[in-house]
Structure formats: C-alpha cells, structure tokens
Amino acid sequence: MALSPFWLSFFLVFSIATVNAALTAQAFTGTYGINYGRVADNLPSPKSAVTLLKAAKIKNIRIYDVNHEVLTAFNGSGIEIVVGLGDDFLTEMSVNEDRAMSWIKENVQPFLPGTSIRGIAVGNEILASKDRQDLWEVLLPAAKNVYNALDRLDLTKVVQVQSPHSQGVFANSFPPSSCTFKEDTVPYMKPLLQFFSQIGSPFFINAYPFLAYMSDPEHIDLKYALFQSNRGIYDAKTKLHYDNMFDAQIDAAYAALEKAGFGNMEVIVSETGWPSRGDESEAGASVKNARTYNNNLRKRLAKKKGTPYRPKIPVKAYVFALFNENLKPGGTSERNFGLFKADGSIAYDIGFTGLKPSSAASPLLSFKETGSSYTLVFASCAAILLLIF
C-alpha cells in the first residue's frame with residue numbers, strides 16, 4: 001500500500017530525529033552538575049578539586065576555558081567535562097574552520113579519551129550582551145566551524161557543541177507561557193537554534209531566581225524563589241501551577257522555543273545558584289538563603305522529574321559554582337556563589353564534605369594532602385584504633 005505524502009513526511013522527520021539522537025554526543029549524565037570557575041588566586045589545586053568532586057559523587061562539570069592543568073588533573077576521574085571556547089576566540093573561529101581544527105587538536109583531542117570531555121560551549125551569553133553585539137553575527141559560524149572540525153576528526157559522537165544563554169535573550173518570562181525571544185535577537189537566535197536542532201544539541205539557559213528576586217524583592221516571594229512552601233503562581237493560558245521560580249524559568253524557555261518553532265528541543269540549565277554574601281543592595285544574598293536554595297535544588301534534581309509544562313523531561317542543571325572566586329568583578333555576591341570556600345571547606349552544609357573540616361558542619365571525612373595526591377582520613381576511626389591499641 002502506498003503511503004500518502006503526509007505520512008512520508010512524518011516518517012522522514014521522525015527518522016532524522018532518531019538518527020540525530022543516536023549519533024549526537026550527550027554531554028550530561030544524571031541530573032546534577034557544577035560549574036568549576038577559577039577566577040581566583042587562592043583556590044585548591046585542580047587535583048584537589050577532582051578529589052572534592054569525586055567525594056561529592058558529582059559526575060558533570062563545566063569549565064570556562066581549556067586549561068591543560070585542569071584537563072590533565074581530570075584524566076581517569078570519570079567526571080564528564082564541558083570546556084569553554086571563550087568569547088575572544090569567536091571571531092577568528094568564525095572565519096576559518098582550520099583555526100577551529102587547530103584549537104581542537106591542541107586543546108581537546110590530546111586529552112581524549114582519558115579526560116571525559118563531552119562538550120564545547122561556544123561563547124557564553126553572547127546574544128544578550130549589548131556590549132559585544134559584534135559577536136552576535138559570528139556566533140553561529142564559529143559554532144559550525146567547531147562542529148565541522150569535530151566531524152572531520154570523527155568526534156561528534158563524543159563531544160557536543162553548545163552555547164549557553166542568559167535570560168536576557170527573552171522579551172518577557174511571566175507568566176511562563178508568554179515568554180518570547182527579544183525581537184533584536186531573533187535574526188541570530190533562530191538560525192542558531194536551527195543548527196543546534198540539526199545536530200541534536202539542547203538549549204542551554206543560565207537561570208537565576210536570585211537575580212529575579214534581587215531585582216524586585218518587594219513583589220517576589222522569597223519562598224517562591226527558594227523552593228519553600230508558598231502560594232506559587234498560576235499560568236492561566238496553560239492552566240499550570242508553579243510552586244517555585246526555577247521551574248517557571250525553565251518552562252518560560254520552553255515556551256519561547258515553541259513559539260520560535262523548536263518545541264522539541266530540550267532545555268538544560270547551564271548555570272544556577274545563590275550567593276552566601278552580598279552588598280546591601282543585593283537583596284537575599286545570605287548563607288541561610290544560599291543553603292536553602294542549593295539544598296532544595298539538589299533534592300529537586302535528585303527526583304529526576306520534569307517541569308509542569310514538560311513533565312516527562314527530567315530537569316538537568318549545573319550549579320554555580322564549585323568555589324568562591326575572589327577575583328570576579330562586580331558586587332560582593334559575584335565572589336560568593338561557591339558551595340565551597342577557597343580553602344576547600346564547605347561554605348555551608350548541604351550534605352557535601354570539604355577538603356578540610358569547617359565550622360559549617362562536622363563532617364565524618366577530611367582530606368589530607370600527601371604529595372600530589374589526597375587520601376581520605378577517617379578521624380573518628382583513627383581515634384577508636386588509638387584507644388584499642
């Protein structure tokens with residue numbers, strides 16, 4: 001029996017989507033990851049960071065460059081890494097695929113497969129940056145050249161090409177169903193989304209309930225931002241209820257994608273977090289709120305549940321950040337997003353163990369440096385052994 005043109009088209013689209021899903025690298029294991037930023041001069045060594053992450057059973061990280069010491073330290077760790085192609089490289093990458101090839105051969109290929117590099121983030125929050133509008137038109141060709149170079153090296157099944165966005169690309173996001181992309185970004189965003197759709201890459205968004213709350217603390221319920229019990233909001237168009245802002249921000253991204261013609265694209269949160277300190281003008285920045293947000297976020301992600309609008313797609317997110325970073329510019333909050341302090345101790349207790357004991361908790365484990373490696377020291381067990389012998 002001959003198939004109608006409709007069914008032929010349906011099966012063609014379905015087959016292409018299936019092939020893309022099978023052949024495209026997946027850069028995220030599970031639902032929880034963390035950003036390992038290093039804009040600081042007082043952080044533990046990369047090997048110490050590996051020890052910390054393994055103890056916390058964190059399997060996914062993002063870094064913002066391709067630092068060779070870091071990539072070497074993660075060799076054999078099993079932790080999956082998304083590396084960053086910095087904004088300053090985009091222009092040269094956009095005009096020359098050979099330049100992209102050289103960059104990958106120097107900074108990615110030599111570390112595979114021992115270091116599990118699973119993605120390359122091309123730029124960061126480019127299409128929301130009014131200061132770098134010169135980069136808007138080079139973002140897509142740069143991403144294409146990076147992908148084509150990976151393809152020539154037969155690495156597209158291993159390394160995913162992606163590009164994270166800030167919420168500044170949206171014209172509005174409340175209620176979630178009303179969200180659309182800003183008009184001036186659409187000529188650049190839609191072709192970028194088309195390319196990522198073709199190669200099977202998700203949409204990456206940096207979602208910060210903290211920033212929304214800080215901008216309007218008089219009208220936004222802090223409990224709504226912190227995953228605490230609250231009245232929530234009701235989206236009349238979708239007839240969906242939201243009890244936390246994090247889910248609402250993700251569904252706003254889904255709504256914008258749907259309106260742009262990419263309703264099947266997955267949304268992954270590339271950054272989210274809450275600072276433990278801030279200036280007087282940075283409402284909500286405190287240890288108490290940071291602990292509450294990150295603890296509740298961790299519990300929420302552990303459930304592997306979707307959002308009200310996409311209930312069957314488990315939410316995945318990278319927390320910002322691993323360490324407090326003392327050289328970051330901006331307000332005090334910018335230097336205090338870390339789950340850990342610069343000395344390796346926990347900034348507050350959400351169930352992780354630091355590299356050294358902290359007044360924030362009484363961990364059962366501490367880490368003692370021995371040369372270039374770290375060994376676990378069970379202090380309580382040692383005390384017992386001393387008593388016995």
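Here are some short exercises, each with a worked solution, on the structure shown above.

This is a predicted model, in which local features need pLDDT of at least 70 and side-chain atom pairs count only at pLDDT 80 or more, while totals for chains, interfaces and linings use all residues. Residues are numbered from 1 along each chain as its sequence is written, and side-chain values use heavy atoms, with hydrogens and water left out.

**Exercise 1: the whole chain**

Find how many helices and strands the protein chain has, and what share of its residues is buried.

Solution.
- Step 1: Start with the elements: the protein chain has 12 helices and 15 strands. Helices (H or I, at least four residues) and strands (E, at least two) are DSSP runs, numbered from the N terminus.
- Step 2: Now turn to burial: of the 389 residues in the protein chain, 50% are buried. Buried means under 20% relative accessible area, exposed over 50%, and partly exposed in between, with a 1.4 Å probe and protein chains only.

**Exercise 2: helix H10**

Check whether the span of helix H10 agrees with its number of residues, then look at its two ends.

Solution.
- Step 1: The expected span of a helix is 1.5 Å times one less than its number of residues.
- Step 2: H10 covers residues 245-260, which is 16 residues, so it should span 22 Å. Its end C-alpha atoms are 23 Å apart, which agrees.
- Step 3: At the N-terminal end, Asn244 acts as a cap, with a side-chain oxygen 3.2 Å from the backbone nitrogen of Phe246.
- Step 4: Just after H10, Gly261 has a positive phi of about 100°.
- Step 5: As for cover, 14 of the 16 residues of H10 are buried.

**Exercise 3: the sheet**

Work out the strand order of the open sheet of 9 strands, and find its edges.

Solution.
- Step 1: The order is S5-S4-S3-S2-S1-S13-S12-S9-S6, with parallel pairing. Two strands pair if DSSP finds at least two bridges between them.
- Step 2: The edge strands are S5 (160-162) and S6 (164-166), each of which pairs on one side only.
- Step 3: On average, neighbouring strands of this sheet are turned by 25° against each other, direction ignored.
- Step 4: Look at S4 (residues 116-122): 3 bridges join S4 to S5, and Gly119 stands opposite Gln160 in S5.
- Step 5: On the pairing of S4 with S3, there are 6 bridges, again in the parallel sense. One of the residue pairs is Glu80 with Ser116 in S4.
- Step 6: S4 is largely enclosed by the rest of the structure, because 6 of its 7 residues are buried.

**Exercise 4: Thr307**

Is Thr307 buried or exposed, and which side chain does its own side chain meet in a polar contact?

Solution.
- Step 1: Thr307 sits in the loop between H11 and S13.
- Step 2: Its relative accessible area is 3%, so Thr307 is buried.
- Step 3: The side chain of Thr307 makes a polar contact with the side chain of Asp251 at 2.4 Å. A polar contact is a pair of N or O atoms within 3.5 Å; within protein, one must be able to donate a hydrogen and the other to accept it, and residues adjacent in sequence count only if both atoms are side-chain atoms.
- Step 4: The side chain of Thr307 also reaches the backbone nitrogen of Arg310 at 3.1 Å.

Terms used
Axes are lines fitted to C-alpha atoms, for helices over the stretch in contact, and angles run from 0 to 180 degrees between N-to-C directions.
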